[in-house]
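Trainee: I am new to this structure and would like a close look at a single part of it. Please pick one residue and work outward from there.

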Amino acid sequence: MKLLRAAPIIRFLIPKLHQTMSRSLSTGVFQNSQPLNYRAGGRVQPVDSVGQEQAYEPSTGRVIATFACSGEKEVNEAIQSAKTAFKIWRQKSGMERSRVLLEAARIIRERSEELATMETINNGKSIFEARVDIEISWQTLEYYAGLAGSMAGQHVQLPGGSFGYTRREPLGVCVGIGAWNYPFQIACWKSGPALACGNAMVYKPSPFTPITVVLLAEIFTEAGAPPGLFNVVQGAAATGEFLCKHAEVAKISFTGSVPTGSKIMEMASKGIKPVTLELGGKSPLIIFSDSNFDNAVNGALMANFLTQGQVCCNGTRVFVQRDILQKFTEEVVKKVAKIKIGDPLLEDTRMGPLINRPQLEKVLAFVKGAKEQVSCLAVKMVKRNQTAAHHEVSLSPIGECRDDMTCVKEEIFGPVMSILPFDTEEEVLERANNTTYGLAAGVFSRDIQRAHRVAAGLQAGMCFINNYNVSPVELPFGGYKKSGFGRENGQVAIEYYSQLKTVCVEMGNVESVF
Ligand SMILES: NC(=O)C1=CN([C@@H]2O[C@H](COP(=O)(O)OP(=O)(O)OC[C@H]3O[C@@H](n4cnc5c(N)ncnc54)[C@H](O)[C@@H]3O)[C@@H](O)[C@H]2O)C=CC1
C-alpha cells in the first residue's frame, strides 16, 4: 500500500521537514555485512539454501547485500523457533502482550530516522515518504497494543442455568510474505495484529528489500518478546513455497501480485489454511466538475505518484468530467513538472528511482504503448545518472485515454496516471467498475448525496471521498474481486489472526435419549 497510508501524517510531518536531521548515511555508502535471517532472538546464517540473491540500492544500482535464499531446513528451523515462542506468548495476558508491542513502538519512534534512512536506501522512495512509513509502522503497533488487552469472547445464558462462552484464541505460527514497496510497514501491518492476538510469526520480505525487516525483528526482541516470536527468512519464490507448504503453519498473510496470490491460495488450500491476500489494483478516481478543483488535482497527484507510483491502491484511472477535463489536465501537468526528482535521501526530493531496472523497463513499455495510442499530454523522462542503471524514473500523465487501452486496463506499478473523460454519473460508475480488480476507489464532489451514492456503487474494498491514499490504521484495508480478501488494519484484522472457541457448560444432569 501502499501509501494509502499517508496523507494525514504528511501534514503532521511537514514542520519536521525543516529540522536538520542528523543522519550518518548518505547515498552510495551503506553496505550490509550482517546475517539477514533472524530466529530464536538473533541474526543467523541459514542452515541451507536454495540459491542466492542480491539486493540493490535503487538510486545508484550498487549491490548492498548478497544473501543465501533459505532452504527447506532453514524454513523449518524458523518455524520451530516460532513454535517455541508461541507456547510462551499464547499464555500471556493481553496486557502483557500490549506492553511488549508498546515498547517496540517506542523503540521504532526513537530510531525512526535511522529506520527511514535504511528504507530509503533499499527501496528508493524519498526520505520524506519513508519517515511517513515509519510513523505509520509504530502507530500500527500502538493501535494493536491497545486492542490486545480488550480481546474478549461472549457469555451466553442457556436454559436451566447452563451457559456458554466464547474464547478468542490465537492461530499458532503465522507466515507473513511481504512486497518490496513498503518493506517495514507491511511487516508491521502483519506482525502488529498477529502478535497482539497471541500468535508467533515467520516473515519473508521481498528479496529486493531484505534489510529493514531484520531491524524490526531486533526491535521486538529488545522490547521483551520471547526469542522466536518474530523470525525472518530471506529468499524468493522457492523459500516462500517452503513456508506456505509447511504443515505446522497456521495462516498465511500475503502482499504482492495477483499471480503469486493465486499460487499461495492453492498451496494453502492443501493444508486448509486461512489466507489473507492483499493484491494489486487498477483503481478508479472519479472527479466531478462540482468538486473543489485544487483538492481534486492534489488528490489525483496523491493517488498516483507516491513511492514512484509503486502503490497497490493507487487511483491510476482518473475519470474527469468533460467540462473540466482540459483545465484539470493542464493543472496536473503543471504540478507534475514541479515534482522534485532526485537523490531520495535529500530533504527536498519527492520522487526517487523505481525499485529496479526490470520495473523501469516494464513502466517504459506501458508508456511507449500508450504514446502510440493517444497524444500524450505530458511524458517526462528523467535520466539522472547514465551510469546507474536503476536511477531513472518516467513520469507521465497521459491525457484522454480510452478504457480499452493497455495502460488503462493493466496495473503498471509506476508513475503513470491515465486521464479519462466522462459525461454522466451512471456512465462513469459502470466504467469505473469494469475491471477485475477492486482494491480502492475515490470520488471528488461537493454534492454529498452523489458522493455517498457513488461510493456505495463502487466495487472496491476501500473508497475515498474528497481525498485519496490516506489510510489510518484504525480503518480496515483490503480488496474486492481479484484484489484479494481478508482485511488489514482496524479492529476487524483481529478476526483474521484469531479463532473462536465455543465452550458449552452444563449446570444440570445429562438427559440421555438412550
Ligand atoms: N499489492 C501490492 O502492494 C504489490 C503488488 N505488486 C505487483 O506485483 C508485481 C511484481 O512484484 P513482485 O515483488 O515480483 O511480486 P510477487 O507477487 O512476485 O512477490 C511478492 C512476494 O511474494 C514472494 N513470492 C513470489 N513467488 C512466490 C511463491 N510462489 N510462493 C510464495 N511466495 C512467493 C516474493 O518473494 C515476495 O516476497 C508488481 O509489478 C506489482 O504489479 C508488487 C508489490 C506490491
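**A serine and its surroundings**

Mentor: Leaving out residues up to four places away in sequence, Ser 191 touches Leu 141, Ala 196, Met 201, Leu 216, Phe 220 and Phe 230. The model is a predicted one. Ser 191 sits in helix α6, which covers residues 183-196. Its relative accessibility is 0%, and because buried means under 20%, Ser 191 counts as buried.

Two of the residues that Ser 191 touches, Leu 216 and Phe 220, lead to the next element. Both are among the buried residues of helix α7. Helix α7 runs over residues 212-222 and is mostly covered, with eight of its eleven residues buried. Besides Leu 216 and Phe 220, the buried residues in α7 are Thr 212, Val 213, Val 214, Leu 215, Ala 217 and Ile 219. Just after α7 comes Gly 224, with a positive phi of about 110°.

Phe 220 and Phe 230, both touched by Ser 191, also lead to the core. The largest nonpolar core has 154 residues, and Phe 220 and Phe 230 are listed with Ile 108, Ile 264, Ile 286, Ile 287 and Phe 328 as those with the most contacts inside it. Helix α5, residues 127-148, gives the most to this core, with twelve residues. In soluble globular proteins, nonpolar side chains tend to be buried together.

Ile 286 shows another part of the same list. Apart from neighbours within four places in sequence, Ile 286 is in contact with Phe 319, Phe 422, Val 428, Ala 432, Gly 442, Val 443, Phe 444, Val 454 and Leu 458. Across the protein, among contacts between residues at least 6 apart in sequence, 76% join residues at least 24 apart.

Now the whole chain. The protein contains 16 helices and 20 strands. Its radius of gyration is 24 Å, close to the 24 Å that the globule rule gives for 514 residues, so the protein is as compact as a globular protein of that length. The C-alpha trace spans about 80 × 55 × 45 Å along the principal axes. Of the 514 residues, 58% count as buried, and Ser 191 is one of the buried residues. The accessible surface comes to about 20400 Å², with 53% of it belonging to carbon and sulfur atoms. As for charge, there are 55 positive and 50 negative side chains, and the centres of the two sets lie 2 Å apart.

Terms used. Residues numbered from 1 in each chain as written. Predicted model: local features only at pLDDT ≥ 70, side-chain atom pairs only at ≥ 80, totals over all residues. Heavy atoms only, no water. Helix = DSSP H or I, 4+ residues; strand = E, 2+ residues; numbered from the N terminus. Rg over C-alpha atoms; globule rule 2.2 N^0.38 Å. Buried < 20%, exposed > 50% of the residue type's maximum accessible area, 1.4 Å probe, protein only. Contact = heavy atoms within 4.5 Å. Areas by Shrake-Rupley, 256 points an atom, 1.4 Å probe, with all protein chains shown as cover. Lys, Arg positive; Asp, Glu negative; His and termini not counted. Charge placed at Lys NZ, Arg CZ, Asp CG, Glu CD. Core = buried A, V, L, I, M, F, W, Y, C linked by side-chain atoms within 4.5 Å.
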